[in-house]
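Open the model in your viewer and keep the selection panel at hand. The stops below are given in the order in which to select them.

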Amino acid sequence: MNSTFSNKGSKAAIIILALLLIGTLFYSYQMHQESNATEALLENEKTEVLRNLENMSSLYNEANADNEVANEKLIEAQARLEALMAELKSSKSSVSALLKYKKKFFELESEMEVLLDENATLKFQNALLETSLDSTQVQLSSQLASNTVLSEQNLRLSESVDAAKKLTVERLNAYGVIQRKSGKLVPTTRASRVDNLRICYSVPSNLLTEAGDKKYFVQVIDPNLSVIGSNKPVQFDEDILKYSYVSAFTYDNELLDVCDFVSAEEGDYEKGVYMVNVFDQNVLVTTSTFTLK
């Protein structure tokens, strides 16, 4: 009788031990599977970050290839990008490491947007320097290359008019706007959203200048080097100037803010760098640039 109970107890103990062993093996298998899944997920994230960094590097390569003169800022930024890629490739995959590299990626991405925008401006200015389609573009190219033309114009002006009596223009500012039905203007840098371009500048107080009606010729040049607006030519002695519109105002010797609008004939605006020039007859008074994306 005792032998029978003993055998039954031994069998029960063996079954319990077997179940525990099976449970332990199943738990270990599950942990192993979860570990493999986590490792695969981290590797995928790491691959995605590397792909994004390689895309950024390609954009830098294209920007540097377009420049005859190396842009030191672009070269230095790309070197830091390449170093980060090498560091990421050799690093072990972990949540903390990926978070660190993703943060660095977003920082480099923001920096790249700024540098490529500056590079686009430099390319636009270089294009103007190489362009001599008409006398106006020759004058602009000379202005960007050096101050020679402006110095000669100022010299001729000083022979006939006292410089102290001459009006000047300050704080030239140009940007795209969205015009609401209510008349409210909303600034925007999105080329596809622009309804009009708004050009503003200030004429400072000058008690020596004769009060009365004044005007400037404003010229807005798009990324294709075309003059936006009326694009009418006006003759000044031997010079021909193509302008976008005439900015007219009444001056009473006090500080005056002047704002006008100019629109593209077809209503569409190209992405890129725009240049705004203000002329007093054929004399370039001031210039500025802005970018539409």
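Start by selecting strand 1 and strand 3, which pair in the antiparallel sense over six bridges. The coordinates belong to a predicted model. Within this pairing, Asn-173 stands opposite Cys-200 in strand 3.

**The sheet around strand 3**

Add strand 2 and strand 9 to the selection. The result is an open sheet of four strands in the order 2-1-3-9, with antiparallel pairing. Its edge strands are strand 2 (185-188) and strand 9, each pairing on one side only. Looking across the sheet, neighbouring strands are turned by 40° against each other on average, with direction ignored. Strands of a sheet pair through backbone hydrogen bonds, either parallel or antiparallel.

Go through the remaining pairings. Strand 1 (residues 170-179) and strand 2 run antiparallel and are joined by four bridges; to find one, select Gly-176, whose bridge partner in strand 2 is Thr-188. On the other side, strand 3 and strand 9 pair in the antiparallel sense over seven bridges. Here Val-203 stands opposite Leu-256 in strand 9.

Now show the side chains of strand 3 alone. Which residues of strand 3 are buried on one side and which on the other? On one side they are Asn-196, Arg-198, Cys-200 and Ser-202, and on the other Leu-197, Ile-199, Tyr-201 and Val-203. Both faces are thus covered, and eight of the eight residues in the strand are buried. In a regular strand the side chains alternate between the two faces of the sheet.

**Arg-198**

Stay in strand 3 (residues 196-203) and select Arg-198. How far away is the nearest side chain of opposite charge? It belongs to Asp-260, 8.1 Å away, and Arg-198 is buried yet has no salt bridge. Leaving out residues up to four places away in sequence, Arg-198 touches Asn-173, Ala-174, Tyr-175, Val-177, Leu-185, Cys-259, Asp-260 and Phe-261.

**The disulfide**

One residue in that contact list, Cys-259, is the next selection. A disulfide joins Cys-200 to Cys-259, with an S to S distance of 2.1 Å. The pair links distant parts of the chain, Cys-200 in strand 3 and Cys-259 in strand 9 (residues 256-262), 59 residues apart. With 120° about the S-S bond, the link is right-handed. A search of the whole structure finds one disulfide. Colour the two ends by accessibility: Cys-200 is buried at a relative accessible area of 12%, whereas Cys-259 counts as partly exposed at 34%.

**Salt bridges**

Next, display charged side chains. How many salt bridges does a search of the whole structure find? The search finds three.

- Select Lys-166 and Asp-280, whose side chains meet at 2.6 Å, N to O. The pair links distant parts of the chain: Lys-166 is in the loop between helix 5 (148-160) and strand 1, and Asp-280 is in strand 10 (residues 272-280), 114 residues apart. Lys-166 is partly exposed at 28%, while Asp-280 counts as buried at 16%.
- Select Arg-80 and Glu-76, whose side chains meet at 2.7 Å, N to O. Both lie in helix 2, four residues apart, about one turn of the helix. Arg-80 counts as partly exposed at 32%, and Glu-76 counts as partly exposed at 41%.
- Select Glu-170 and Arg-171, where the closest N and O atoms are 3.8 Å apart. Glu-170 is partly exposed at 35%, whereas Arg-171 counts as exposed at 55%.

**Leu-74 in helix 2**

Return to helix 2 (residues 72-90) and select Leu-74. Is Leu-74 buried or exposed? Leu-74 is buried, with a relative accessible area of 0%. Add Tyr-60: the two residues are 14 apart in sequence and 6.7 Å apart in space, C-alpha to C-alpha.

**Two loops with positive phi**

Finish with two asparagines. Asn-231 lies in the loop between strand 5 (227-228) and strand 6 (232-236). Its phi is near 55°, a positive value in a residue other than glycine, and Asn-231 is partly exposed at 33%.

Asn-253 lies in the loop between strand 8 (245-251) and strand 9. Phi of Asn-253 is near 75°, again positive in a residue other than glycine. At 15% relative accessibility, Asn-253 counts as buried.

How values were computed: Residues are numbered from 1 along each chain as its sequence is written. This is a predicted model: local features need pLDDT of at least 70, side-chain atom pairs count only at pLDDT 80 or more; totals for chains, interfaces and linings use all residues. Side-chain values use heavy atoms; hydrogens and water are left out. Buried means under 20% relative accessible area, exposed over 50%, partly exposed in between (1.4 Å probe, protein chains only). Lys and Arg count as positive and Asp and Glu as negative; His and the chain ends are not counted. A salt bridge is a side-chain nitrogen of Lys or Arg within 4 Å of a carboxyl oxygen of Asp or Glu. Contact means heavy atoms within 4.5 Å. A disulfide is a pair of cysteine sulfur atoms within 2.5 Å. Two strands pair if DSSP finds at least two bridges between them. Axes are lines fitted to C-alpha atoms, for helices over the stretch in contact, and angles run from 0 to 180 degrees between N-to-C directions.
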